[in-house]
Amino acid sequence: MLLHGTDALKEAAAAGHALPAFAAYNLETVQGVTAAAEAAGGPVLIQAGSSPFKHAGREALMRLALEAAARSTASLGVHLDHSRDLEEISACLKAGYTSVMVDGSHLPFAENIALTKEALRRARDHGAWVEAELGALPGDEDVSTDAVAHTAAMTDPQQAAAFVAATGVDALAVAVGNVHGFTQHPIRLDLERLAAIHEVVTVPLVLHGASGLPVEQLHGALARGVAKVNVNAELRRAYLEATRVALPSALPGADVVSLWAAGRDAVRDAALDVIGRLSPRTEGAGA
């Protein structure tokens with residue numbers, strides 16, 4: 001069933017856990033994420049967003065994700081991730097998306113506010129909630145590039161407070177040492193900065209680039225206001241590894257179905273593993 005509204009996000013924030021949000025590129029990844037949500041029994045977001053649209057086509061992937069969510073026994077939101085295009089945002093909202101992320105992080109502060117406010121206005125007409133981003137997150141959404149976080153590009157707490165107050169946005173994605181994709185460089189979240197943001201920002205925080213993040217840092221983020229966590233690279237790697245292993249057996253009979261099934265099941269298992277790591281924090285986690 002489609003997950004509407006911000007109740008699940010707010011409940012996650014209050015309980016000290018996070019709403020899992022998984023990128024989906026095609027039928028098999030949508031099926032894998034849906035199966036994980038059904039097995040886990042908790043709310044999950046399918047992120048059929050701007051970047052995957054380049055591969056699958058916007059209309060096809062929108063309909064696929066929305067149909068899967070509507071037919072599922074699990075509570076599944078369908079989320080537009082990293083959109084910089086108001087026309088794209090409007091199209092997804094009209095199709096039935098339950099939330100959108102407007103990404104104005106590349107813009108000057110005032111322009112980011114203006115873009116976010118317009119996205120919010122459009123979303124409210126469709127009963128959807130809006131996530132925005134402040135700060136620059138290194139790396140590529142689709143390919144791991146060994147990204148390195150830079151302190152100068154991280155989210156400033158006071159600026160974050162001003163941004164949320166000016167826009168009325170429902171959730172804020174922050175840059176606190178996290179990067180897109182896997183990296184060989186040690187990842188160390190700036191938990192002090194995250195705590196300072198949480199202290200002055202009145203909405204749930206979002207952590208992008210959680211793939212490969214040590215669990216103690218992940219739980220440290222949950223203890224400091226993060227209530228939505230985005231995962232992409234872990235699912236991509238699981239899909240590719242499963243299809244690599246299945247390929248020799250599939251080749252003699254040109255059995256593409258077994259290959260796709262292996263990838264789908266690997267995505268399900270990887271998503272379930274992430275969901276387990278996002279369970280409510282233990283006392284003192286991440287301290």
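Which residues have the most contacts inside the largest nonpolar core? I took that as my starting point. The model is predicted, and I read it as such.

**Entry 1: the core**

I looked up the largest nonpolar core and found 76 residues in it. Phe22, Tyr97, Leu172, Leu207 and Val229 have the most contacts inside this core. I then asked which element gives the core its largest share. Helix α11, residues 256-277, does so with 8 residues. There is also a second, separate core of 13 residues. Ala8, Leu19, Leu45 and Trp129 are among its members.

I followed Val229 further. Leaving out residues up to four places away in sequence, Val229 touches Ala18, Leu19, Pro20 and Ala21. Val229 also touches Leu207, Ala210, Leu218, Leu222 and Leu278. For background, nonpolar side chains tend to be buried together in soluble globular proteins.

**Entry 2: the barrel**

Next I traced the sheet. Eight strands form a closed barrel, in the order β1-β2-β3-β4-β5-β6-β7-β8, and the pairing is parallel. On average, neighbouring strands are turned by 25 degrees against each other, direction ignored.

I checked the pairs around β6 and β7. β5 and β6 are parallel and share 4 bridges. Glu133 has Ala173 of β6 as its bridge partner. β6 and β7 also run parallel, joined by 2 bridges. Here Leu172 is partnered with Leu205 of β7. From β7 (residues 205-207) I moved on to β8 (residues 226-231), a parallel pair with 3 bridges. Val206 is bridged to Lys228 in β8.

**Entry 3: the two faces of β6**

Which residues of β6 are buried on each side? I found Ala171 and Ala173 on one side, and Leu172 and Val174 on the other. All four are buried, and both faces of β6 are covered. The general rule is that side chains in a regular strand alternate between the two faces of the sheet. Leu172 was already in my notes as one of the residues with the most contacts in the largest core.

**Entry 4: helices α6 and α7**

I then looked at what lies across β5 and β6. Helix α7, residues 157-167, does, and it runs at about 150 degrees to β5.

How do α7 and α6 cross, left-handed or right-handed? The crossing is right-handed. The axes of α7 and α6 (residues 109-124) come within 9 Å and cross at roughly 35 degrees. From α6, the contact uses Phe109, Asn112, Ile113, Thr116, Lys117 and Leu120. From α7, I listed Gln159, Ala162, Phe163, Ala166 and Thr167. By class, I noted 6 nonpolar, 4 polar and 1 charged residues in this contact.

Definitions and conventions. Residues numbered from 1 in each chain as written. Predicted model: local features only at pLDDT ≥ 70, side-chain atom pairs only at ≥ 80, totals over all residues. Heavy atoms only, no water. Pairing = 2+ DSSP bridges. Axes fitted to C-alpha atoms, helices over the stretch in contact; angles between N-to-C directions. Contact = heavy atoms within 4.5 Å. Left-handed = near helix turned anticlockwise from the far one by under 90°. Nonpolar A, V, L, I, M, F, W, Y, C, P; charged D, E, K, R; others polar. Buried < 20%, exposed > 50% of the residue type's maximum accessible area, 1.4 Å probe, protein only. Core = buried A, V, L, I, M, F, W, Y, C linked by side-chain atoms within 4.5 Å.
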